Amino acid sequence: MSEHEFYDAALAEVFPVHSSVNLRGELEIGGCSVVELARTFGTPAYVVDEEGLREQMRRYRDGMSARWPGGAVTFASKSMPVLATYAIAASEGIGVDVAGAGELILALEAGVPPETMYLHGNAKSVEELRLAVECGVGTIVVDNLADIERLERLLTRKQPVLIRVIPGIDPNTHRSVATGGSDSKFGLPIEQARALIARLEGHPTIEVEGVHLHIGSQILDVEPFRRAVQAIAGFGTFRTYNIGGGLGVNYNVGHRAPTVEEYLDEITAIAREVLPAGSRLLIEPGRSLVARSGITIYEVNNVKTTGKTFVAVNGGLADQMNVALTDTTFSAVVANRAGEQPNVTAQLVGRQCESGDLLVDGARLADPAAGDIIALGATGAYGYTLANNYNGALKPPVVFCRDGDTRLAVRRETYEDYLSTHTPARSVPWADAARTAPETPARIVAWGA
Ligand SMILES: Cc1ncc(COP(=O)(O)O)c(C=O)c1O
């Protein structure tokens with residue numbers, strides 16, 4: 001084995017496209033040593049292969065338009081709601097879908113043209129809808145009748161909408177991310193959707209452009225997508241058919257997710273049979289667009305053997321919820337010795353107070369020791385999205401790497417940020433009116449900075 005390759009060549013398919021192992025044996029992303037990144041930005045940190053991300057966007061964009069001239073790709077931004085990623089999506093000529101006001105604000109801040117946006121949500125508030133209407137969001141995906149009543153009150157001009165339907169398709173995926181089955185909370189059952197579409201015909205402001213569905217996420221077979229296109233075609237003739245996202249990705253060397261091309265071949269082949277010629281076929285990939293471009297880096301805090309060997313890192317459930325939520329089976333390497341064969345099987349665990357705070361069950365690692373840098377591959381999707389403050393964890397930074405250069409896209413949260421939402425409590429005598437809380441020493445507040 002050469003000194004500058006992953007110890008298992010198959011890992012190169014899981015880690016970012018622009019990954020390599022340098023002559024010191026360190027993992028590099030976009031030409032940047034992960035060990036250097038850890039020194040500069042600290043750990044845990046999310047690291048993104050910017051060129052890999054852009055290439056995947058182009059692969060989707062060009063693959064879709066080559067197969068379906070009226071086709072378009074929309075980035076499901078919930079998968080990586082980072083301002084830089086919105087800007088990159090816009091610069092690569094793909095649309096953006098937002099689920100709620102927060103994502104909408106990020107997209108606007110990033111300069112995404114509002115007319116290219118889709119607003120989702122199964123429980124949109126009046127304020128969110130008002131914001132979307134005022135900003136000129138191109139398409140609102142209607143989930144329920146309350147959306148319609150609220151839009152009727154808000155709209156003074158025509159607003160294109162898609163009606164989200166429940167197709168009754170239950171793909172084989174984790175129940176947390178299955179959304180197309182008949183008991184789904186998203187969208188309207190077929191009969192109710194049909195009735196609503198009929199009722200909105202000729203509506204003065206609400207213009208039904210088409211129908212939308214999304215059957216779920218991390219789907220490792222193209223067949224359910226075929227059924228999704230067939231199901232959506234059954235709603236009648238529209239300008240637009242949006243079949244959501246859902247294509248799965250390889251989280252470890254044993255996985256075999258369909259390629260983007262296999263997925264596009266399947267959906268456009270069936271679309272040619274069942275959708276009206278000239279209609280717009282839209283897809284909203286999230287996971288399969290961003291997962292592989294991202295890794296998360298940690299420092300090992302300690303290694304101990306009890307009933308099992310535990311390698312405990314300085315992050316965990318707070319920055320990588322996917323394992324607990326969807327049983328994701330990530331791949332880990334010791335990033336400062338990425339070419340070395342693993343000799344230890346360990347539970348790679350985090351520092352949050354849950355036994356479910358497990359990053360990799362049975363990770364194969366090369367001589368792990370305190371101070372080592374661990375890289376977890378394919379964490380670009382829903383990792384940053386789900387970051388939280390469990391046990392007072394500070395949300396990690398997001399660093400983009402390309403051609404040996406780094407750009408900080410999101411800074412690490414500080415203890416000042418963390419304390420700031422609790423400021424009102426300082427002036428309230430919670431327990432003992434005579435006792436006021438001492439000021440937090442500046443050195444503690446500065447510590448996370
Ligand atoms: C409406 C909608 N579209 C697209 C997506 C993206 O799915 P994925 O990340 O699996 O591609 C989601 C994910 O939840 C969704 O709810």
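A nonpolar core is a set of buried Ala, Val, Leu, Ile, Met, Phe, Trp, Tyr and Cys residues that are joined through C-beta atoms within 7 Å. In this structure, which is a predicted model, the largest such core takes in 126 residues. Within that core, V34, V47, I297, A332, A335, I374 and A375 touch the most other members. The core also reaches into two domains, drawing at least three residues from each of domain 1 (9-49 + 292-410) and domain 2 (51-291). A375 gives a feel for what those contacts look like. Leaving aside residues up to four places away in sequence, A375 touches L27, V34, I295, I297, A332, V333 and A335.

Next come two helices. Helix α9 covers residues 260-274, which makes 15 residues. The expected span takes 1.5 Å times one less than the number of residues, so α9 should span 21 Å, and its end C-alpha atoms do turn out to be 21 Å apart, in agreement. Y263, L264, I267 and A271 are the buried residues of α9. These four sit on the same side of α9, because the arc they cover around the axis is only 95°. Over on the other side of α9, E262 and E273 are exposed. As for what the buried side meets, the buried residues of α9 pack against α2 (50-67), α8 (223-233) and β13 (280-283).

Helix α5, residues 126-135, can be read in a similar way. Here E128, L129 and A132 are buried. Looking down the axis of α5, these buried residues fall within an arc of 95°, so they line one face of the helix. E127 and E134, on the other side of α5, are exposed. The partners of the buried residues of α5 are α4 (101-109), β7 (117-120), β8 (139-142) and α6 (145-154), against which they pack. Just after α5 comes G136, with a positive phi near 85°.

Strands get their turn too. Strand β15 (residues 309-313) runs parallel to strand β17 (residues 344-349), and 3 bridges join the two. One of the pairings puts A312 opposite V349, its bridge partner in β17. β17 also pairs with β18, this time in the antiparallel sense and over 5 bridges. There, L348 has V360 in β18 as its bridge partner.

A few spots in the backbone deserve a second look. Most residues other than glycine have a negative phi, and most peptide bonds are trans. Against that background, the peptide bond from T43 to P44 is cis, with omega near -10°. P44 lies in the loop between α1 (34-41) and β4 (45-49).

Two aspartates go against the usual sign of phi. D367 is not a glycine, yet its phi is positive, near 45°. D367 belongs to the loop between β18 (358-365) and β19 (373-376). With 13 other C-beta atoms within 10 Å, D367 counts as partly exposed. D403 is no glycine either, and its phi is positive at about 50°. The loop between β20 (398-402) and β21 (405-410) is where D403 is found. D403 has 10 other C-beta atoms within 10 Å and is therefore exposed, as the cut-off for that label is 12 or fewer.

How values were computed
Residues numbered from 1 in each chain as written. Predicted model: local features only at pLDDT ≥ 70, side-chain atom pairs only at ≥ 80, totals over all residues. Buried ≥ 20, exposed ≤ 12 C-beta atoms within 10 Å, placed from the backbone. Domains from an automatic or database assignment. Contact = placed C-beta atoms within 7 Å. Arc of directions from axis to C-beta. Pairing = 2+ DSSP bridges.
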